[in-house]
Amino acid sequence: MKRIINIICLSVLSLFIASCNKELITPYDNPFFYIHLNQASSVNIQSTRNETVDYNVYFSTKMQYDPITLKYDVIVGNGLQEGVDFELVSTTRELVFKPGYFEMPISIRWKSNPIDPAKDNTVTIKLISNDKNITIGLPGPDKNQSEFKIVKI
C-alpha cells in the first residue's frame with residue numbers, strides 16, 4: 001500500500017512540474033524604434049497653428065553602449081509646402097541615439113497658412129533604417145508606429 005501511495009505521489013508531482021513549464025512565456029527582448037503621440041499613429045493640427053512641436057521617436061531597449069544612427073524621411077502631401085506651411089527644424093534626416101538616450105525629438109515649426117481641403121494636407125514622418133539593423137516599428141508583422149502622420153486641417 002505504501003508503495004502505491006509513493007508511486008501516485010511521484011506521478012502527481014512529476015505531472016505538476018511538467019505542467020508548470022508549459023506556462024512559461026519568453027519575453028520579447030529585442031530592441032526596436034517607434035514613433036507616436038499619445039499612443040496614436042496620426043494627429044490632426046489646425047491650419048492656424050503657429051508654433052514648434054516635437055514629435056518623439058522612442059528606442060525600446062536595454063542600455064546600449066554604442067551610438068546608433070536612425071534615418072527617417074519626411075513625406076509631404078501635395079497640399080502643403082515646406083517653408084510656407086511648416087519648417088523642419090532639424091537640417092538632417094538622422095537621429096543619433098547616444099548611450100542612455102531612449103527618445104529623440106523631430107521638431108516641426110508649424111506656420112499659420114490656409115489650406116485647400118481638396119488636397120493631401122499631410123506630413124508623414126517615416127522611420128527608415130539604422131546602422132545596427134534594429135527593428136523599426138512595434139514588434140510584429142504590421143510594423144505599427146514605424147511612421148507618424150500629421151494632418152493639417
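# A tour of two open sheets and their core

Begin by selecting strands 2, 10, 8, 4 and 6, which in the order 2-10-8-4-6 make up an open sheet of five strands with mixed pairing; strands here are DSSP runs of E of at least two residues, helices are runs of H or I of at least four residues, and both are numbered from the N terminus, while two strands count as paired if DSSP finds at least two bridges between them. At the edges of this sheet stand strand 2 (42–45) and strand 6, and because each has a single partner strand, one side of each is left without a neighbour in the sheet. Neighbouring strands of the sheet are turned against each other by 20° on average, direction ignored, where the axes are lines fitted to C-alpha atoms (for helices over the stretch in contact) and angles run from 0 to 180 degrees between N-to-C directions.

Before going further, note that this is a predicted model, in which local features need pLDDT of at least 70 and side-chain atom pairs count only at pLDDT 80 or more, whereas totals for chains, interfaces and linings use all residues. Residues are numbered from 1 along each chain as its sequence is written, and side-chain values use heavy atoms, with hydrogens and water left out.

**Inside the opening sheet.** Select strand 4 together with strand 8: the two run antiparallel and are joined by seven bridges. To find one of the residue pairs, pick leucine 70, whose bridge partner in strand 8 is asparagine 130.

**The other open sheet.** Now select strands 5, 7, 3, 1 and 9, which form an open sheet of five strands in the order 5-7-3-1-9, again with mixed pairing. Strand 5 and strand 9 (135–136) are at its edges, each with a single partner strand, so one side of each lacks a neighbour in the sheet. Within this sheet, strand 3 and strand 7 run antiparallel and are joined by seven bridges, and threonine 52 can be picked to see it standing opposite arginine 109 in strand 7. Strand 1 is likewise antiparallel to strand 3, with four bridges between them; here isoleucine 35 stands opposite valine 57 in strand 3.

**The whole chain.** Zooming out, the protein has one helix and ten strands, and from the N terminus on the elements run α-β-β-β-β-β-β-β-β-β-β. Of its 153 residues, 30% count as buried, meaning under 20% relative accessible area, with exposed meaning over 50% and partly exposed lying in between (1.4 Å probe, protein chains only). Among contacts (heavy atoms within 4.5 Å) between residues at least 6 apart in sequence, 75% join residues at least 24 apart.

**The nonpolar core.** Which residues touch the most other members of the largest nonpolar core? Select Tyr55, Ile108 and Trp110, which do so among the 27 residues of this core, a nonpolar core being a set of buried Ala, Val, Leu, Ile, Met, Phe, Trp, Tyr and Cys residues joined through side-chain atoms within 4.5 Å. At least two residues of this core come from each of several strands, including strand 3 (52–60), strand 4 (68–76), strand 7 (103–110) and strand 8 (122–130). Centre the view on tyrosine 55 and, leaving aside its neighbours within four places in sequence, look for its contacts, among them Leu37, Val43, Met104, Ile125 and Phe148.

**Asparagines and a tyrosine in the loops.** Next pick asparagine 121, placed in the loop between strand 7 and strand 8, which counts as buried because its relative accessibility is 5%. A polar atom of its side chain lies 2.9 Å from the backbone oxygen of aspartate 116, and beyond four places in sequence the contacts of asparagine 121 include Gly79, Leu80, Ile150 and Lys152.

Move to tyrosine 101, in the loop between strand 6 and strand 7, which is partly exposed at a relative accessible area of 44%. Add glutamine 64 to the selection: it and tyrosine 101 are 37 residues apart in sequence and 8.8 Å apart in space, C-alpha to C-alpha.

Finish with two residues whose backbone angles can be checked in the viewer. Asparagine 38, in the loop between strand 1 and strand 2, has a phi near 55°, a positive value in a residue other than glycine, and counts as exposed at 71% relative accessibility. Asparagine 133, in the loop between strand 8 and strand 9, has a positive phi of about 55° although it is not a glycine, and this residue is exposed, with a relative accessible area of 74%.

Key. Polar contact = N/O pair within 3.5 Å; in protein donor to acceptor, adjacent residues only side chain to side chain.
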